[in-house]
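Subject: Structure for you to look at

Hello,

Here is the structure I promised to hand over. Please open it alongside this email; my notes follow below.

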Amino acid sequence: MKISVIGTGYVGLVTGVCLASKGHQVICIDKQSEIVNKINNKMSPIYEPGLEDLLCKVIEKGNLAATTDLKSAVMNTDISIISVGTPFGDGKIDLSYIESAAQEIGNVLNEKKAYHVICVKSTVIPTTTDSLVKTILENTSGKKAGDFGLAMNPEFLREGKAVEDFMFPDRIVIGSYDQESFETMKKVYQDFFDAPIINVNLRTAEMIKYTANALLATLISYSNEVSVICEKVSCVDVKEVLEGVTLDKRFNPRVNNQLINPGMISYLRAGCGFGGSCFPKDVQALSAFSKEMGYSPSMIQATLEINEAQPYRLIERLHSILGTLENKKIVVLGLSFKPETDDIRESPSLAIIKGLLAKRAKVIGVDPIAIDNTKKHIPQNDSLTYSVDYKNALKDAEAAILVTPWPDYINISPQEFKELMKEPILVDGRRVFDKSSYEAAGVQYIGVGLT
Ligand SMILES: NC(=O)c1ccc[n+]([C@@H]2O[C@H](COP(=O)([O-])OP(=O)(O)OC[C@H]3O[C@@H](n4cnc5c(N)ncnc54)[C@H](O)[C@@H]3O)[C@@H](O)[C@H]2O)c1
């Protein structure tokens with residue numbers, strides 16, 4: 001099929017490249033010409049494992065090109081997939097990018113005779129596609145929905161595993177306005193053999209995405225809430241508590257006497273809080289939407305509150321040990337919201353850096369690939385520097401806080417900390433280090449959910 005993808009960020013680029021690798025003819029559109037130029041020069045504008053290789057292949061095969069020219073892209077394709085950003089701002093989801101994209105597509109449909117399907121892939125609150133997007137398309141194209149197709153196909157990829165997740169999805173959710181829209185969308189995914197396709201209405205598709213993200217975020221906040229209670233009781237370790245809980249066969253069944261360790265269990269772990277481009281903004285958007293509809297969602301609200309507080313708890317614990325953080329050299333190990341991505345949106349590292357700077361510490365942010373993005377949010381200054389070299393950063397530091405469990409950082413041995421730092425204090429924001437072996441080597445250990 002001929003597919004245009006509007007908005008070539010994390011989701012749009014992965015969608016475009018993966019669909020092109022399945023043999024579709026894809027045109028990626030972005031407003032930013034640097035992104036378009038990079039793609040056409042076979043360079044991925046974002047870091048995502050496997051993406052650049054696949055990008056090269058599909059461009060060389062002639063299955064993908066990028067442009068800023070939305071009109072010609074929509075004219076020359078059968079489907080437009082909207083994957084522009086839907087940030088949270090001013091107390092609710094910001095749908096302005098969706099509105100502009102719908103308007104631009106509608107203007108082209110006004111001149112286009114052939115049937116065209118518009119599919120919203122961006123995460124949007126229920127009613128966005130069948131009210132806002134449909135109305136804009138109808139007003140600008142002069143056509144009625146049905147003359148053009150309308151679909152909502154939420155994306156569940158995880159950054160860091162985006163290509164794998166897209167190529168091998170657990171399920172494909174297609175919300176459709178009518179049967180013809182659904183049949184067209186099915187052709188997009190006809191080569192994704194094993195994935196069940198769920199056909200629902202547009203609003204249900206929108207709600208599935210939010211419900212999934214809010215549930216996963218709630219598991220994390222629940223674990224973090226338990227961690228706070230554990231810290232109040234001496235000799236109770238949240239890690240052991242949650243392990244004891246998740247061995248229940250309802251969480252972790254055994255097959256042939258082997259635990260299957262479902263991915264869900266990885267969300268039942270305490271740490272420094274969730275971040276990223278999705279969970280924080282999506283949970284906030286769902287909460288705001290629910291309030292607008294007349295229901296104040298107390299559990300979802302608590303999920304957010306616990307998450308906001310979590311990074312500062314680590315700082316407070318460090319503060320109480322050192323007495324003051326003023327002029328203390330503190331290394332933040334990891335800036336991206338998780339390993340294998342350079343995305344720092346809503347990363348707990350940002351709250352931790354800001355919290356440390358507010359207490360007048362001297363901070364060094366360390367990361368293999370996310371420094372440039374972090375600098376855009378918190379520029380370097382007299383009290384804050386960045387480094388890719390963790391060994392150099394740790395030299396003579398008073399404390400290190402592990403935020404992103406990059407393999408290099410979780411493999412720093414107790415001896416290495418001891419050699420590099422004066423009297424090392426290690427704050428384990430992800431509970432990946434073994435407390436007793438680090439303490440045995442003379443490293444003072446602070447772990448979430450453990451005193
Ligand atoms: N990032 C993820 O892991 C992820 C996962 C699932 C769903 N989502 C959802 O997918 C959507 C996109 O997220 P993202 O992280 O890829 O966003 P992003 O900010 O990385 O990319 C959006 C891109 O859209 C472009 N753009 C905006 N308006 C445009 C227009 N009118 N025409 C052409 N280009 C335009 C921007 O220049 C930008 O490059 C969001 O709704 C997000 O919630 C994201």
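A residue is near a molecule if its C-beta atom, placed from the backbone, lies within 6 Å of it. Keep that cut-off in mind for the ligand below. Note also that this is a predicted model.

**Ligand shell**

How many residues surround the ligand? There are 28. The closest are Gly7, Gly9, Val11, Ser122 and Thr123. Two elements, α1 (10–21) and α5 (96–109), give two or more residues to this shell. α5 gives the most, with four residues. By class, the shell around the ligand holds 11 nonpolar, 12 polar and five charged residues.

**Domains**

The chain is divided in two: domain 1 covers 2–200, and domain 2 covers 237–447. Their C-alpha centres lie 33 Å apart. Across the boundary, 14 residues of domain 1 are in contact with 16 residues of domain 2. On the domain 1 side, the touching residues are eight nonpolar, three polar and three charged.

**The eight-stranded sheet**

This is an open sheet with mixed pairing. Its order is β3-β2-β1-β4-β7-β8-β9-β10. Which strands form the edges? They are β3 (64–67) and β10 (197–200), each pairing on one side only. Neighbouring strands are turned by 25 degrees against each other on average, direction ignored.

Look at β4 and β7 for one of the pairings. β4 (residues 79–82) runs parallel to β7 (residues 117–120), over four bridges. Within that pair, serine 80 has isoleucine 118 of β7 as its bridge partner. Helix α8 (residues 179–188) packs on this sheet. It touches β1 (2–6), β4, β7, β8 (149–152), β9 (172–176) and β10. The direction of α8 makes about 60 degrees with that of β8.

**The six-stranded sheet**

This sheet is also open, and its pairing is parallel. The strand order is β15-β14-β13-β16-β17-β18. At the edges are β15 (384–387) and β18, each of which pairs on one side only. From one strand to the next, the twist averages 20 degrees.

Two pairings are worth a look here. In one, β13 (residues 329–333) and β16 (residues 399–402) pair in the parallel sense over four bridges. Valine 332 stands opposite isoleucine 401 of β16. In the other, β17 (residues 425–428) and β18 (residues 444–447) are parallel, again over four bridges. There, leucine 426 stands opposite tyrosine 445 of β18. How does the chain get from β17 to β18, and which hand does the crossover have? The route goes through helix α18 (residues 435–440), and this β-α-β crossover is right-handed.

Two helices should be viewed against the six strands. Helix α12 (residues 298–322) packs on the sheet and touches β16, β17 and β18. Its direction makes about 160 degrees with that of β17. Helix α13 (residues 348–358) lies across β13, β14 (362–366), β15 and β16. α13 runs at about 165 degrees to β14.

**Where to start**

I would begin with the ligand and its closest residues, including Gly7 and Ser122. Then turn to the contacts between domain 1 and domain 2. The β-α-β crossover through α18 makes a good last stop.

Best wishes

Key: Residues are numbered from 1 along each chain as its sequence is written. This is a predicted model: local features need pLDDT of at least 70, side-chain atom pairs count only at pLDDT 80 or more; totals for chains, interfaces and linings use all residues. Two strands pair if DSSP finds at least two bridges between them. A crossover is right-handed if, with the strands pointing away from the viewer, the path from the first strand over the helix to the second runs clockwise. Ala, Val, Leu, Ile, Met, Phe, Trp, Tyr, Cys and Pro count as nonpolar, Asp, Glu, Lys and Arg as charged, and the others, Gly among them, as polar. Axes are lines fitted to C-alpha atoms, for helices over the stretch in contact, and angles run from 0 to 180 degrees between N-to-C directions. Two residues are in contact if their C-beta atoms, placed from the backbone, lie within 7 Å. Domain bounds come from an automatic or database domain assignment.
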